[in-house]
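Trainee: Got a minute to look at this one with me? I'd like to start with how the helices pack.

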Amino acid sequence: KGYTVELFLYDLSHGMARAMSMQLLGKQIDGIWHTGVVVYGTEYFYGGGIQAAPPGTTQAGTPIKRIPLGVTFIPQDVFHDYLRSVARKYSPSTYNLLSNNCNNFSDAVSSFLLEKKIPEYITGLPQDALSTPMGQMFRPMLENMQNQMAGVVPWGNEPLNLPTINSNPPMALPSEYKGSETPTTSGARIPASNTLQAPSEVKEDSQSMEVLSAHKHANVVLKVVKDCDSAEPFVQNHKPAMYIKFVALIKSYSKKIATKASSAGLTVEEEKTLTEFAKKMGDPKVAVPSAVTTALMKLITKWPIKLLFPVLCIYQACLLRKEECKKLADDNGSYKKIFLRLISIGNVQEKETIQMGVLCVFLNMCASSALAETVASEEKFMEMLVAALESPSDMVRMANSRLAYNAALALPKEGDDGVIMLASILPSLLQEEKKAAITYNNLLALGHLCYNNTDACEVVGAMEVGAMECIDSKFKSSKMYSKLSNVAGDVDILLEATCIEE
């Protein structure tokens with residue numbers, strides 16, 4: 001669910017710097033660099049203000065190199081909010097040939113999206129060139145040129161030119177998740193060892209274990225479903241700097257909100273506590289201060305939906321802490337209030353990034369033994385989940401397929417309406433879904449829904465949808481075919497075992 005970030009590198013000298021720099025400067029300079037950052041299917045660059053264009057179509061010509069920078073999980077609308085916040089710094093009047101140019105802008109964008117800088121040989125070019133004896137002779141001339149150019153920058157004079165939000169941005173391929181995260185077979189992201197992550201929790205009690213051991217599926221041989229039985233929280237591999245940026249956005253939004261409704265904004269003390277906690281969020285041993293919990297709940301329940309993305313990002317990270325989920329489970333009044341608000345937000349499908357934020361919050365609730373059964377048993381939750389499984393957005397369906405898996409683990413093994421609702425929709429999704437990773441998650445959810453659950457098997461069996469047949473018809477050439485066929489085989493075996501016993 002990440003977005004590939006690339007740096008497009010252009011040589012404005014068209015090879016002349018490489019050919020003549022040694023003669024002019026006494027030092028080899030390979031190019032006069034211009035850069036643009038390509039993400040969400042758009043190239044962003046600083047030229048006459050912050051500009052955007054289809055990749056490779058700017059006045060800079062054709063890039064000589066495309067440098068992969070990494071994968072970001074920040075949605076495009078949040079990135080655009082960041083660009084609006086720095087527009088004054090990168091305006092036509094603030095352009096500086098030596099210290100505030102297109103490459104400095106690209107460096108700032110990379111730092112925001114990925115918490116990493118672009119290559120130093122690009123941003124360091126002006127000082128590198130001017131450090132030579134001949135460069136020192138050129139410096140007064142360049143500074144004089146800069147003074148004459150004040151307010152004039154390449155390619156227009158528009159302070160801020162942003163594209164519309166891309167409803168279907170290109171997503172990062174699994175092979176692009178290097179270092180920070182590794183894709184699992186279920187589409188989940190496993191963070192690096194130093195990343196905050198709540199341990200997977202499997203519910204066990206004597207009554208449920210009795211039911212399982214007595215069920216007709218107890219002796220069925222399965223390849224995947226029996227072993228893959230741990231709920232998966234949603235973990236974003238953010239460094240503290242990213243949480244600090246989210247808090248900065250929250251504080252900026254709060255000032256706007258407070259002018260219209262002072263009670264909905266953050267107090268000075270809440271701002272301070274939230275800022276301090278953001279610096280420590282990478283340490284799972286640091287508990288969430290009650291003032292932070294109270295502030296986040298206030299913002300979620302009172303703020304307009306369009307402003308909630310950074311709030312939801314902070315809150316879903318808080319729910320990775322077991323004690324935070326238990327605190328919410330023990331306070332039924334707060335739970336009901338936040339639950340109903342999240343459901344209403346999650347059903348607003350036109351705001352994809354917000355819907356994603358809500359799904360990730362529910363993912364972490366359903367990965368907690370303290371909250372999973374309570375949430376999964378809510379009819380409104382199941383209605384939202386079933387509706388989102390059919391979303392036109394690949395991102396939403398991916399997150400929701402993982403949520404369906406977590407919910408399937410939490411649902412009771414008999415006599416539950418949620419089981420029937422989920423069992424009624426998942427088989428048809430096997431026929432319709434075209435994405436292999438989403439299908440894998442849906443198959444796992446279906447497998448756990450059916451395992452030791454006669455009611456679910458009867459509903460699925462009545463639909464006469466063969467899991468293996470669906471996989472063979474669409475994913476025979478997929479790299480995930482082996483994994484898909486293993487789970488599909490398990491589902492078909494469970495259904496067949498139920499029919500034979502009956």
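**Helices, then strands**

Mentor: Helices α8 and α11 are oblique to each other, because angles under 35 degrees count as roughly parallel, over 145 as roughly antiparallel, 65 to 115 as roughly perpendicular and the rest as oblique. This is a predicted model: local features need pLDDT of at least 70, side-chain atom pairs count only at pLDDT 80 or more, and totals for chains, interfaces and linings use all residues. Residues are numbered from 1 along each chain as its sequence is written, and side-chain values use heavy atoms, leaving out hydrogens and water.

Trainee: OK, what's the angle between α8 and α11, and how far apart are the axes?

Mentor: About 135°, with the axes of α8 (residues 240–258) and α11 (residues 309–318) 8 Å apart. Axes are lines fitted to C-alpha atoms over the stretch in contact, and angles run from 0 to 180 degrees between N-to-C directions.

Trainee: Which residues of α8 and α11 make the contact?

Mentor: Contact means heavy atoms within 4.5 Å. Tyr243, Phe246 and Ile250 are among those from α8, and α11 brings residues including Phe309, Cys313 and Ala317. The contact of α8 with α11 has 12 nonpolar residues, no polar and no charged.

Trainee: New topic: is β2 buried or exposed?

Mentor: In β2 (residues 33–39), 7 of the 7 residues are buried, so the strand is largely enclosed by the rest of the structure. Buried means under 20% relative accessible area, with a 1.4 Å probe and protein chains only.

Trainee: And which residue in β3 stands opposite valine 37?

Mentor: Tyrosine 44. β2 and β3 (residues 42–46) run antiparallel, joined by 3 bridges.

Notes
Helix = DSSP H or I, 4+ residues; strand = E, 2+ residues; numbered from the N terminus. Nonpolar A, V, L, I, M, F, W, Y, C, P; charged D, E, K, R; others polar. Buried < 20%, exposed > 50% of the residue type's maximum accessible area, 1.4 Å probe, protein only. Pairing = 2+ DSSP bridges.
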